[in-house]
Amino acid sequence: MVTIGRAEGVAARGVVDRAHGGADTSLKHLLEQGARRVLVLQTVERYTVAGAAERYLQQNPHAGHMETQVLHIPVADGVSGGYRATREALQSPSPPDAIYAPIDAFALGAVDAVRQAGLQIPTDVMICTNFDGPRATTSEPPLTALDLHLPEMAETAGQLLLDCLDNPGGQPRVVQAPEPTLRPRESTARRTERVLP
């Protein structure tokens with residue numbers, strides 16, 4: 001068995017390690033753009049990428065510069081789940097000024113909630129997501145996202161599997177996934193002029 005990400009309780013022969021699952025790249029970007037209170041919309045389901053992101057948050061590398069609040073949403077709730085969680089957070093005494101939603105459907109719900117609250121993106125609230133797909137590029141405004149280099153990640157996993165088949169008695173192997181590449185767009189463009197369409 002080969003896994004993409006470190007799956008808890010699974011004795012995999014090969015692992016494509018996704019490190020912090022993009023949380024480090026996204027939160028660093030939000031901090032650089034001026035975020036101080038970040039709402040993180042995570043899945044209730046214990047996906048490997050969600051676990052990696054939460055471990056990163058627990059290490060608290062931005063202590064003293066950024067507060068984070070994590071809300072958990074069932075992935076099946078999609079856009080409506082992101083909307084409800086964001087609306088709740090915006091009504092708190094200390095509302096977020098940025099939202100990191102690794103699931104792109106959650107990010108779209110966050111966009112709706114911010115707008116219905118009468119706030120501006122990115123002036124009042126910035127929003128970014130992990131997957132640089134159609135939801136990110138067709139959102140209004142377009143969402144800052146991560147190019148996760150999924151084809152390369154899949155190729156790495158396939159090669160690990162072939163290596164396991166060729167050497168069934170070998171030691172388990174861990175290979176690092178490609179580093180995500182930030183695709184900055186209007187949804188976080190507070191301090192930068194150059195954004196992607």
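This is a short guided tour of the structure in your viewer, with suggestions on what to select at each stop. Keep in mind as you go that the model is predicted.

**Stop 1: the sheet**

Begin by showing the strands as a cartoon. You should find an open sheet of 6 strands, and reading across the sheet gives the order β4-β3-β5-β6-β7-β9. The pairing in this sheet is mixed. Now colour residues 67–73, which are β4, and residues 181–183, which are β9. Why is one side of each of these strands left without a neighbour in the sheet? Both β4 and β9 stand at the edges and have a single partner strand each, so there is nothing from the sheet on the other side. Turn the view and follow the twist, which averages 20° from one strand to the next.

**Stop 2: a pair of strands**

Next, select residues 98–101 (β5) together with residues 126–131 (β6). These two strands pair in the parallel sense, over 4 bridges. To see one bridge up close, click on Ala101 and look across to β6, where Thr129 is its bridge partner.

**Stop 3: two helices on the sheet**

Add helix α4, residues 104–116. This helix packs on the sheet and touches β3, β4, β5 and β6. Compare its direction with that of β6: the angle is about 165°. Then bring in helix α2, residues 48–59, which also packs on the sheet. The strands touched by α2 are β3 (37–43), β4 and β6, and the direction of α2 makes about 150° with that of β3.

**Stop 4: the largest pocket**

Stay with α2 and switch on the surface. The largest pocket has a volume of about 240 Å³. Select Arg18, Val49, Pro102, Ile103 and Asn130, which lie closest to its centre among the 15 lining residues. Which element gives the most to the lining? That is α2, with 3 residues. At least two lining residues come from each of β3, α2 and β6. Sorted by character, the lining has 9 nonpolar, 4 polar and 2 charged residues.

**Stop 5: Leu160**

Finally, move to helix α6, residues 150–166, and pick out Leu160. Is Leu160 buried or exposed? Its relative accessibility is 3%, and buried means under 20%, so Leu160 counts as buried. Show what surrounds this side chain: leaving aside residues up to four places away in sequence, Leu160 touches Val2, Gly14, Val15, Val16, Arg173 and Val175. To end, draw a distance from the C-alpha of Leu160 to the C-alpha of Asp104: they are 29 Å apart in space and 56 residues apart in sequence.

Notes:
Residues are numbered from 1 along each chain as its sequence is written. This is a predicted model: local features need pLDDT of at least 70, side-chain atom pairs count only at pLDDT 80 or more; totals for chains, interfaces and linings use all residues. Side-chain values use heavy atoms; hydrogens and water are left out. Two strands pair if DSSP finds at least two bridges between them. Axes are lines fitted to C-alpha atoms, for helices over the stretch in contact, and angles run from 0 to 180 degrees between N-to-C directions. Contact means heavy atoms within 4.5 Å. Buried means under 20% relative accessible area, exposed over 50%, partly exposed in between (1.4 Å probe, protein chains only). On a 1 Å grid over the protein atoms alone, a cavity is a set of points where a 1.4 Å probe fits but cannot get out, and a pocket is an open set with protein on both sides within 12 Å along at least five of seven lines; lining residues have an atom within 4 Å of a point. Grid points are joined across faces, edges and corners, and a volume is the space filled by probe spheres set on the points. Ala, Val, Leu, Ile, Met, Phe, Trp, Tyr, Cys and Pro count as nonpolar, Asp, Glu, Lys and Arg as charged, and the others, Gly among them, as polar.
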